[in-house]
Every structure is written in C-alpha cells, then in structure tokens.
Amino acid sequence: MILNIIKDNTLMMAPLAGYSDLPFREVVKKFGADITVSEMISVHALAYQNKKTLKMVEKSPLENPFALQIAGNDLEIIKKAVELINTFKDTIQILDLNCGCPAPKVSHHGSGSSLLKDLDKLVSILRLLREVSLLPFLSVKVRLGFDKKIPLEIANALNDAPIDYVVVHGRTKSDGYKKDKIDYNSIALMKQTLKCPLIANGEITSKEVAKQVKEQTGADGLMIGRAAIEKPWIFTQIKEGLEESVSLRKKVILEHFDRSIEFRGDYGVIMFRKNLHAYSKGLRGASDFRNLANTLSDPKETRKVIEDFFNTTDFES
Ligand SMILES: Cc1cc2nc3c(=O)[nH]c(=O)nc-3n(C[C@H](O)[C@H](O)[C@H](O)COP(=O)(O)O)c2cc1C
C-alpha cells in the first residue's frame, strides 16, 4: 500500500501561472517547500503537445514530490493528455486537477472553477484520472464554490472521489482574490467532513498567520502562493524561523536570475522583470531600480544592475 503523501505540517508552493516555473520552484525547494506544483496546463495543450507546453512539464531533480496541474473538462481530451503525462510516470508523483481558476478563458469553457457548479462531473473526471493515470497520487485544488459558498457539498462530493488530498483556496470564484473575502471557517468545515487530508490556502503571509490558519482550519498542511513570490524563504521562516536581510535577498535573486537565464535564454531577462519588482518591495530606491530594470534586456548588464542595487540599498524605515 502506498502511504499518503501528505505529512503533518506539509508546506506546499502554490501553482502560480507566470511565476511558478522550474527556476522559481528550485528556489522555494531550497527554502523548504515540501511539495511543488507546475503552473496550470490545459489538457488541450498536452493532448496536442506544443513545444511551450512540454517546457512547462519539465521539473527539477530537486522536486520530489512534484505535482503536475491540469485544467480541462472534456473526457476524451483528458484521456489523450494523460497518455502524455504517463510517459513521465517515473519522475512526476502527483496529478492535480484545477477546479479553482476564475479566468474566463478557463471557467467559461466548463473547466477550472466552473467544475464547482457540476460536482458530479468533477467527481467523474477524478475517477477517470485515477483510472487512466499511472502517476501514484491524485489531488484536486478547489475554491469554496463558484458564486456561492458550498463547502459541505464539495467535501461530500469529494469523499466519493479517489483522491489523495484536497487543496482548498478559501474563497469562491466570484470572490476573485479580494483579501477581505478569505474564509478559513469554511475550510474548517470541509476539513471536518473530508476523509482525505486537506491543505489550506489563501493569504498566508507569515509564520504567525500560518500558525493561526493551521489552528483555525485544522488543516493537515498549508499552501502558499503570492507571499512566496516576494519572499521564497517564507517556508524556512515558517518551519524554523529565519532573519530577513538584504544580503539574503541578493543571494537568492542572483541565483534565481541565473537559473532563469539558463532555462529561458536571453528572454529570461524580460520574464524576470516582474520578479525584480517583487524582490525590491520595501527597499530604498526600489522605484528607480524597477524603472531601470524595465529597460534592460541583456543578461550580463541586468545582473550587474541587480548586484549594484542590492549592494547599496536597505530596508525602508
Ligand atoms: C498570478 C497568479 C497565478 C495563479 N495561477 C494558478 C494556477 O495556475 N493554478 C491554480 O490552481 N491556481 C493559481 N492561482 C491561485 C493560487 O494558486 C492561490 O490559490 C491563490 O493565489 C491564493 O493563495 P495566496 O493568497 O497564498 O496567493 C494563481 C494566482 C495568481 C495570483
């Protein structure tokens, strides 16, 4: 028998389209993220195997366990996508179904969060995935509902699905990402009902919040998204405490930058601009640094600008 993959206090890095690529996931792995997840990949793209998609399936040897997240609702296309995924059965451990994405290009086509409007369909997709997937584990990432909260209905439906764990982002699709809508009590209700482990997600930004969310929800583990873009070291902070410093930031950023360039070539410089925005938050001179970074496209020059900035800046008081 395969034991469950979720240990008590598991910390997961959230899937973040446009951010959680291989170089970024390597960074969070080094800072103690237990499980990493790919960006969401459409089953159509997998079934028709375009080059960009295959790059999204790549993982680092550091990532184990690694979850590949798919979005889709057409059973035939899903089966075709899983045929490709099965060729990675020796390196990818978890197949994750996205049932939370609010983006119109996903939810308007019956995938992502719109599966929360048809729980029978959601369960039938999970059953199909368990039947055809050769990956050892299967999981699902949900919100609390589509336009209204239905945590108990979702939890009861998922109890009929052959899954190893559920990630719950504590908002409905209609709530988008509004900070004040986060609802840990509804996650707690799901935890009391679900038979499998639950990972709580949403607005976890520090060790203190992590502790409070764990207590309030009773979750088996936590998933962190946007806070890790600014501070990928948040996983170590939660596990064992870690003093933030500008020199730590500099070290992490340069390593992340170098890996991004290796992974994407010179285009990695442009892709990295958004990371520089996040990494410079709260530092003196950040605004000028960002303006300058937005004009750069040469890797060597950009690296020098990063070094110069982080050698001289400090936390804004
Ligand atoms: C830019 C961005 C991209 C995201 N991409 C995905 C995705 O590909 N798959 C997914 O399940 N959720 C995605 N999410 C949702 C996050 O995984 C997470 O559930 C949400 O941000 C709440 O967690 P946080 O408050 O810790 O960020 C995305 C969120 C953001 C802001």
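Buried area is the accessible area (1.4 Å probe) that two parts lose on being put together, summed over both. The structure is a predicted model in which local features need pLDDT of at least 70 and side-chain atom pairs count only at pLDDT 80 or more, while totals for chains, interfaces and linings use all residues. Residues are numbered from 1 along each chain as its sequence is written, and side-chain values use heavy atoms, with hydrogens and water left out.

**Exercise 1. State how much area domain 1 and domain 2 bury between them, and which residues of domain 1 supply the most.**

Step 1. An automatic or database domain assignment gives domain 1 as 10-240 and domain 2 as 246-311. Their centres, taken over C-alpha atoms, are 29 Å apart.

Step 2. Count the residues in contact, meaning heavy atoms within 4.5 Å: domain 1 gives 16 residues and domain 2 gives 14 residues.

Step 3. The two domains bury about 1,500 Å² between them, and 63% of this lies on carbon and sulfur atoms. Of the area that domain 1 buries against domain 2, 35% comes from Pro23, Glu230 and Trp233, more than from any other three residues.

**Exercise 2. Describe the polar pairs across the interface of domain 1 and domain 2, and the side of domain 1 that touches domain 2.**

Step 1. Take a salt bridge as a side-chain nitrogen of Lys or Arg within 4 Å of a carboxyl oxygen of Asp or Glu. The rule finds four across the interface. The side chains of Lys30 and Glu255 form a salt bridge at 2.5 Å, N to O.

Step 2. Take a polar contact as a pair of N or O atoms within 3.5 Å; within protein, one must be able to donate a hydrogen and the other to accept it, and residues adjacent in sequence count only if both atoms are side-chain atoms. Six residue pairs across the interface qualify, both at pLDDT 80 or more.

Step 3. Helices (H or I, at least four residues) and strands (E, at least two) are DSSP runs, numbered from the N terminus. On the side of domain 1 that touches domain 2, α1 (22-30) and α10 (226-230) are the elements that give two or more residues. Helix α1 gives the most, with six residues.

**Exercise 3. Identify the residues closest to the ligand and give the distances for Asn98, Asn201 and Glu203.**

Step 1. With a cut-off of one heavy atom within 4 Å, 16 residues surround the ligand, the closest being Pro15, Gln69, Asn201, Glu203 and Arg226.

Step 2. A polar side-chain atom lies 2.6 Å from a ligand oxygen atom for Asn201 and 3.1 Å for Asn98. Glu203 has a polar backbone atom 2.7 Å from an oxygen atom of the ligand.

Terms used
Nonpolar A, V, L, I, M, F, W, Y, C, P; charged D, E, K, R; others polar.
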